[in-house]
Amino acid sequence: MKRVDLHLHSHYSDGTWSPSSLVDHAVRCGIDLISLTDHDSLAGLDEARARAQDRIELVDGLELSVRFAGEALHVLAFFPGNIKRLGSDALESLDRVLRHNCAVRIGFAEDLVRKLNQEGLPLSMESILEKTGPGTVGKAHITKAIIACGIEDDITVAYRRFFGSNSDYFQERPWVEAEEAFSALDRAGAITVLAHPGYKGEATEILVRSLKDLGLDGIEVFHPYHKQEEKTALALLAAQLNLVITGGSDCHGPYEGEEPYMNSQNLASDEVAIFLDLIS
């Protein structure tokens with residue numbers, strides 16, 4: 001049986017590894033198949049594919065932020081073959097969605113900088129972009145910039161202060177609407193999977209059923225956030241709705257002194273067999 005990890009991030013979003021380093025670690029872990037699923041970005045796929053060649057199987061992937069029924073969700077998208085082989089229309093639709101979300105990320109950061117500057121706090125876009133590196137701007141990058149500027153000295157406190165749902169600075173971000181996102185992903189031939197939905201509790205089934213009407217193909221059952229009872233319930237829901245099952249570690253590389261948790265789900269190919277048939 002293949003060992004797989006279908007949810008990984010590089011420094012092209014909010015991970016700490018380059019795509020090459022991520023692939024190298026997956027090989028050391030003895031994983032047979034991985035997917036690089038950076039937030040709202042496909043930029044790391046070429047590097048990952050080049051490093052993976054003849055060493056490990058790679059599925060082109062993406063974790064897309066969307067809005068649906070007034071809330072933010074993450075949708076994993078997996079693409080059969082090399083995404084660059086898509087037709088121009090499909091690529092343009094997908095690119096339009098990604099450009100929208102990247103602009104939302106920049107706008108969110110600029111708004112926060114403006115608010116903090118008005119309060120006399122020294123955060124700047126330059127300091128955020130220094131932390132961002134080659135990737136899309138994320139909350140992790142902004143938090144690191146906040147720490148570096150001396151506004152806070154604890155990363156957890158800083159995250160809660162500026163991004164918690166009860167924060168004075170919290171704001172809903174106008175991610176691409178789910179209908180447009182699913183349309184673009186369908187044109188690209190992607191398999192779409194709702195990421196880490198276990199925390200939704202009793203609302204999960206209603207949410208999944210609604211998203212299936214838009215074209216959702218599967219549920220991420222195996223994820224570090226999910227307790228065993230949540231995994232069992234999600235697997236049952238997937239079976240009831242004829243949806244595929246995926247899973248992964250959501251590894252962002254070593255972070256703030258923590259060891260990388262790639263392969264933490266011990267996921268084997270028989271658990272995602274239908275997905276692997278679809279993607280091959």
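Of the 63 residues in the largest nonpolar core, the ones that touch the most other members are Phe79, Leu185 and Phe275. Keep in mind as you explore that this is a predicted model. Beyond that core, the structure offers a second, separate core of 17 residues, a total of 14 salt bridges, and a helix pair, H4 and H5, with a right-handed crossing. Here is a short tour, topic by topic.

**The nonpolar cores**

- Strand S4 (residues 71-79) supplies the largest share of the 63-residue core, namely six residues.
- Phe79 is a good place to start looking: leaving aside residues up to four places away in sequence, Phe79 touches Leu42, Val59, Asp60, Gly61, Leu62, Leu94, Leu185, Ala188, Ala190 and Ile279.
- One of those contacts, Leu185, is itself among the three core residues that touch the most other members.
- The second core is separate and has 17 residues, including Val113, Leu116, Ile146 and Ala158.
- As general background, nonpolar side chains in soluble globular proteins tend to be buried together.

**Helices H4 and H5**

- Helix H4 (residues 125-132) and helix H5 (residues 139-148) have axes that come within 8 Å and cross at roughly 120 degrees.
- H4 therefore counts as oblique to H5, since the angle lies over the 65 to 115 range used for roughly perpendicular but is not over 145, the cut-off for roughly antiparallel.
- The handedness of this H4 and H5 crossing is right-handed.
- On the H4 side, the residues at the meeting point are Ser127, Ile128, Lys131 and Thr132, and their partners in H5 are His141, Ile142, Lys144, Ala145 and Ala148.
- Within H5, the buried residues are Ala140, His141, Ile142, Thr143, Ala145 and Ile146.
- These buried residues of H5 pack against helix H3 (88-118), H4 and helix H6 (155-163).
- Ile146, one of the buried residues of H5, is also a member of the second core.
- After H5 comes Gly150, which has a positive phi near 85 degrees.

**Salt bridges**

- The whole structure holds 14 salt bridges, and a few of them are worth a visit.
- Lys2 pairs with Glu57, with the closest N and O atoms 2.7 Å apart. This pair links distant parts of the chain, 55 residues apart: Lys2 lies in the segment before strand S1 (4-8), and Glu57 lies in strand S3 (residues 57-68).
- Lys2 is partly exposed because its relative accessible area is 32%, and Glu57 is partly exposed at 37%.
- Arg209 and Glu205 meet through their side chains at 3.0 Å, N to O. Both belong to helix H8 (residues 204-214), where they sit four residues apart, about one turn of the helix.
- Arg209 has a relative accessibility of 41%, so Arg209 counts as partly exposed; Glu205, at 35%, is partly exposed too.
- Arg99 forms a salt bridge with Glu92, and their closest N and O atoms are 3.5 Å apart.
- Arg99 is partly exposed at 43% relative accessibility, and Glu92 is partly exposed at 36%.
- A network of salt bridges links Asp46, Arg49, Asp60 and Lys84.
- Asp60 ties this topic back to the start of the tour: Asp60 takes part in the network and is also among the residues that Phe79 touches.

How values were computed:
Residues are numbered from 1 along each chain as its sequence is written. This is a predicted model: local features need pLDDT of at least 70, side-chain atom pairs count only at pLDDT 80 or more; totals for chains, interfaces and linings use all residues. Side-chain values use heavy atoms; hydrogens and water are left out. A salt bridge is a side-chain nitrogen of Lys or Arg within 4 Å of a carboxyl oxygen of Asp or Glu. Helices (H or I, at least four residues) and strands (E, at least two) are DSSP runs, numbered from the N terminus. Buried means under 20% relative accessible area, exposed over 50%, partly exposed in between (1.4 Å probe, protein chains only). A nonpolar core is a set of buried Ala, Val, Leu, Ile, Met, Phe, Trp, Tyr and Cys residues joined through side-chain atoms within 4.5 Å. Contact means heavy atoms within 4.5 Å. Axes are lines fitted to C-alpha atoms, for helices over the stretch in contact, and angles run from 0 to 180 degrees between N-to-C directions. Angles under 35 degrees count as roughly parallel, over 145 as roughly antiparallel, 65 to 115 as roughly perpendicular and the rest as oblique. A crossing is left-handed if the near helix is turned anticlockwise from the far one by less than a right angle, and right-handed if clockwise.
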